[in-house]
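Visitor: I am new to this protein and would like a close look at one part of it. Could you take me slowly through the pocket and the pieces of chain that surround it?

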Amino acid sequence: MLKRQIVLDTETTGIDPKAGHRIIEIGCVELINRRLTGNNFHVYINPDRDIEDEAIDVHGITNEFLRDKPRFHQIAQEFIDFIKGAELVIHNAPFDVGFMDHEFAALKQNIQPTREMCQVLDTLDMARKMHPGQKNSLDALCRRYDIDNSKRTLHGALLDSEILADVYLGMTGGQAKLNLGQNAESSNQSEQGGIVRLGENRKPLKIVYASADEVIAHEERMQLVEKASGGSLWFKQ
């Protein structure tokens, strides 16, 4: 069964939608069964209001840059069609979901709240449970999971979504760095062929023990997996 996830981020004019602040950029990247598909959604939005100076310092998006960009109502349906039914992966989800629901409500078209049209997974909440008492910002997680964020001099919705996708895959299995998905693909191909049951009178299977070199190679591989998982993988040398 295909699992579709959308890693999502937004940039805004300020920090509180109840104070009239609005979304000015949306970035989404698609994962199907934990693989990046290249099917992304990215848009800048004219908020019809000024951006706070503090917000510009964070993302670098100016009022002048947004003057010729579409309004939210012009991109809303395409955005909803892209995310609907997927699991959204968001870092500090209450912030982005709060802004999205504020924008949906302002359209007065009886659009469902985000959590009714999508499942929402908050990677900040996940990181706090996995690494209590530690910094769990996106930059801190990049350092912890060895994710390259050197291009992130300012916040950007699409760039941050791409980085968060790598962080999420690292947090949940190390796939981003270790290409373990190749093994999953082989497993699926085996399942498609059906299960072969052996007869009761079959000859005993030959037991093949690992050589010393293979044992060393296995331990080195497990150490890489543990490092990529942030120390969350248990194994005994």
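Guide: What follows starts with the whole chain, turns to the pocket, and then goes on to a helix, a strand residue and two loops.

This is a predicted model, and across the protein the pLDDT averages 86, with 81% of the residues scoring at least 70. One stretch calls for caution, since over residues 176-195 the pLDDT is below 50, and this stretch has 15 contacts in the model beyond its near neighbours in sequence. The secondary structure comes to 11 helices and five strands, and of the 237 residues in the protein, 39% are buried. Among the contacts with a separation of 6 or more, 66% are between residues 24 or more positions apart.

Now to the part you asked about. Rolling a probe the size of a water molecule over the atoms shows where empty space is left. The largest pocket holds about 520 Å³ of space, and 25 residues line it, with D9, E11, V58, F95 and H155 lying nearest its centre. By character, the lining divides into nine nonpolar, eight polar and eight charged residues. At least two lining residues come from each of strand 1 (4-12), helix 1 (53-59), helix 4 (93-107), helix 7 (138-144) and helix 8 (157-171). Strand 1 gives the most to this lining, with five residues.

Helix 8, one of the contributors to the lining, deserves a slower look. Helix 8 has 15 residues and reaches 20 Å from its first C-alpha to its last, which is close to the 21 Å expected at 1.5 Å a residue. Of these 15 residues 12 are buried, so that helix 8 is mostly covered. The buried residues of helix 8 include A157, L158, D160 and S161 towards the start of the list, and V167, Y168, L169, G170 and M171 towards its end. An α-helix has 3.6 residues a turn, so residues three or four places apart point the same way. Just after helix 8, G173 takes a positive phi of about 155°.

Two residues of helix 8, L164 and Y168, are also touched by V89, a residue of strand 4 (residues 87-90). V89 counts as buried because its relative accessibility is 0%, under the 20% that sets the limit for buried. Leaving aside residues up to four places away in sequence, V89 touches Q5, I6, V7 and L8, as well as L121, T123, L164 and Y168. One of these partners, I6, is 83 residues from V89 in sequence, yet the two lie 6.0 Å apart in space, C-alpha to C-alpha. I6 falls within strand 1 (4-12), one of the elements that supply the pocket lining.

Two loop residues complete the tour. Most residues other than glycine have a negative phi, and most peptide bonds are trans. R34, although not a glycine, has a positive phi of about 70°, and its place is in the loop between strand 2 (23-32) and strand 3 (35-44). R34 counts as partly exposed because its relative accessibility is 22%. N110 is likewise not a glycine and has a positive phi, of about 55°; N110 lies in the loop between helix 4 and helix 5 (114-117). With a relative accessible area of 81%, N110 is exposed.

Note on methods:
Residues are numbered from 1 along each chain as its sequence is written. This is a predicted model: local features need pLDDT of at least 70, side-chain atom pairs count only at pLDDT 80 or more; totals for chains, interfaces and linings use all residues. Side-chain values use heavy atoms; hydrogens and water are left out. On a 1 Å grid over the protein atoms alone, a cavity is a set of points where a 1.4 Å probe fits but cannot get out, and a pocket is an open set with protein on both sides within 12 Å along at least five of seven lines; lining residues have an atom within 4 Å of a point. Grid points are joined across faces, edges and corners, and a volume is the space filled by probe spheres set on the points. Helices (H or I, at least four residues) and strands (E, at least two) are DSSP runs, numbered from the N terminus. Ala, Val, Leu, Ile, Met, Phe, Trp, Tyr, Cys and Pro count as nonpolar, Asp, Glu, Lys and Arg as charged, and the others, Gly among them, as polar. pLDDT is the predictor's confidence in each residue, from 0 to 100. Contact means heavy atoms within 4.5 Å. The expected span of a helix is 1.5 Å times one less than its number of residues. Buried means under 20% relative accessible area, exposed over 50%, partly exposed in between (1.4 Å probe, protein chains only).
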